[in-house]
Every structure is written in C-alpha cells, then in structure tokens.
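Student: Hi! I have a new structure to get to know, and I'd like to talk it through with you. Could you show it to me?

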Amino acid sequence: MPYSNQADWVQGMKIGILGTGNIGKTLVRQLSKAGHDVKVANSRGPETIDPEILTSGARAVTAEDVLADVEVVILSIPLNRLPEIAPRIARLPEATVVIDTSNYYPFRDDRIDAIEAGEIESVWVTQQLRRPIAKAWNAIGSASFAKKGQPAGTPGRIAIPVAADRDRDRQVAMALVEDTGLDAFDAGTLADSWRQQPGAPVYCTDLSRDEIGAALAAADRSRLPKRRDLGVAVMQERLGDGTTNPDEDWGVRLVRTINM
C-alpha cells in the first residue's frame, strides 16, 4: 500500500550507515541533508571516506563507532559480507531499527546454497544477523537513486518497496525513504520481499507510486533468477567491450525489457 507520510515523528534520528558504495554515498548525502544525525563508516577507515559526502553534516567514523548510540543502522554492503558483522549487530538494542539494502548476485557473492534452494534473501539475512530487519533501497539503481530523487508530491516520483516484519521497523524505513526523495510503498512482510529481489518487475525499473502495486503483484518467483542472470550477462557484455558508453537510463530500459 502507498505511504502517506504518517510517520512525521521520524525526524532528526541518529543514524549509522555502514558502507560507502554508490547506494551508501547517496544515503549519507540525502539523510544528512534531511536533518538526521548521520554517521558513516566503511571497512577501510574514516580517513578513506570521500569528504564530499560529508558536506551536509554527516561524520566519518570507525566501523565500531558507527553502531554506537544510534536509533537506526543501515547496512549498505554486499550480501555475502553480512555474516561477518553479525556479532556486532547482535549487540544492538532490540529497539534499534536495522535496514538492509543488499541483493544476492552469485557472480559477486559466491554461491549461497540456501538462497539457491529458494530461501528469500531478506529471510536469509535475518537468520545471519539473528534479528529483525527492514528491506529498503535494494530495488533502485545507484544512478537513479543519486540523480532522480524529487520532493514529495512531484508527479511521477520514483517509488520503491519497503518490507519488514515489525511495524515500527517498516514505519521508520518508509519515512527515511521519503527523506531520500522517493515514494515509499508498503510491500508487507519479509515473506513477501522476494517480490523486490533482482529479476522482479519492480527491481530497478523506476516505477511511480501508481505503477508499483501492480508490478509487485505481477512478480513470478520462479522466473527471478533467470531474469537476474540475463540482465547481468547483457550488462557485462555491453559494458565490458570497451567501446560503448550507454547513457544512465540504458540500464533502466534494459531491466524493464527483461523483468516486465
């Protein structure tokens, strides 16, 4: 269901972001610009974090400090690295909202047998971290996230799905999605979050709030891995030949053709 910004109370939150890839960088910029108290860390140390992403007030800290005294933790690291940080995540207070942005790609994450056998990615993550999570920002491409955010109410604003088992986790995640220039769409529980995995009609297709509900409903779980891998193969062939330079919307058009 669409989100109507009922969680206006989610203001000025203390947020720790772990990961400074393309999605992580945009999260740091947008959430600090929205007035949240943002800390960010990577695995290489605060001195390696691009100062440009800190211009709205975010602070670069260590991977240990980023989890201290925060209300929300956002994990923006490859899925196969999540088990490494599970002991630190397990020490967080139960009330801390943990949001995961990752997706499973076998060519990058190595083969994870449970997911290959049909385990929902977000459910696998909860098992590794041993705590509830929300799933958000996993279904938008990094270029679209960085450049296509719009103020609330803008016609055609991109919408993304948010899934969680705990109501407060979902409410907080949806409010923060809105703060990053996107419409948040309530995608239900983690049991249904396969509908926003790679290969699904909502995955990186830049749909609006009016379009996203039907796309979630149209997902065919059995076809997701094949569509995911086909998209990767086409992108690697096109981008790896050293002669082509497709525009930023080329990937969106490709994924729409394959996934929808």
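Tutor: Happy to! One definition before we start: a residue belongs to the lining of a pocket or cavity if it has an atom within 4 Å of one of its grid points. Also keep in mind that this is a predicted model.

Student: Okay, so how much space lies in the largest pocket?

Tutor: About 1,100 Å³. The lining has 41 residues, and the closest to the centre are Tyr105, Gly141, Ser142, Tyr203 and Cys204.

Student: Which helix supplies the largest share of that lining?

Tutor: That's α9, with seven residues. At least two residues each come from α1 (22-33), α3 (106-109), α6 (142-147), α9 (224-239) and α10 (250-259).

Student: And what's the lining like by class?

Tutor: There are 19 nonpolar, 16 polar and six charged residues.

Student: Back to α9 and α10. How do their axes cross?

Tutor: They come within 10 Å and cross at roughly 145 degrees, and the crossing is right-handed.

Student: Which residues meet there?

Tutor: From α9 you have Arg227, Leu230, Gly231, Val234, Met235 and Arg238, and from α10 Trp250, Gly251, Leu254, Val255, Ile258 and Asn259. By class, this contact has seven nonpolar, three polar and two charged residues.

Student: New topic: the sheet. What's the strand order?

Tutor: It's an open sheet of eight strands, ordered β3-β2-β1-β4-β5-β6-β7-β8, with mixed pairing. At the edges stand β3 (59-60) and β8 (183-186); each has a single partner strand, so one side of each has no neighbour in the sheet.

Student: How do β2 and β3 pair, parallel or antiparallel?

Tutor: Parallel, over two bridges, with β2 covering residues 37-41. Lys39 stands opposite Arg59 in β3.

Student: Which strands does helix α2 touch?

Tutor: Helix α2 (residues 82-90) packs on the sheet and touches β1 (14-18), β4 (72-75) and β5 (97-100). Its direction makes about 170 degrees with that of β4.

Student: And where does α8 lie?

Tutor: Helix α8 (residues 209-218) lies across β7 (159-164) and β8, at about 30 degrees to β8.

Student: Last one: how many cavities of 30 Å³ or more does the structure hold?

Tutor: One, with about 50 Å³ of space in it.

Student: Which strand gives the most to its lining?

Tutor: β7, with three residues. The lining residues include Ala159, Ile160, Pro161 and Cys204. They divide into ten nonpolar, one polar and one charged.

Terms used. Residues numbered from 1 in each chain as written. Predicted model: local features only at pLDDT ≥ 70, side-chain atom pairs only at ≥ 80, totals over all residues. Heavy atoms only, no water. Pairing = 2+ DSSP bridges. Helix = DSSP H or I, 4+ residues; strand = E, 2+ residues; numbered from the N terminus. Contact = heavy atoms within 4.5 Å. Axes fitted to C-alpha atoms, helices over the stretch in contact; angles between N-to-C directions. 1 Å grid on protein atoms, 1.4 Å probe; cavity = no way out; pocket = protein on both sides within 12 Å on 5 of 7 lines; lining within 4 Å. Points joined across faces, edges and corners; volume = space filled by probe spheres on them. Nonpolar A, V, L, I, M, F, W, Y, C, P; charged D, E, K, R; others polar. Left-handed = near helix turned anticlockwise from the far one by under 90°.
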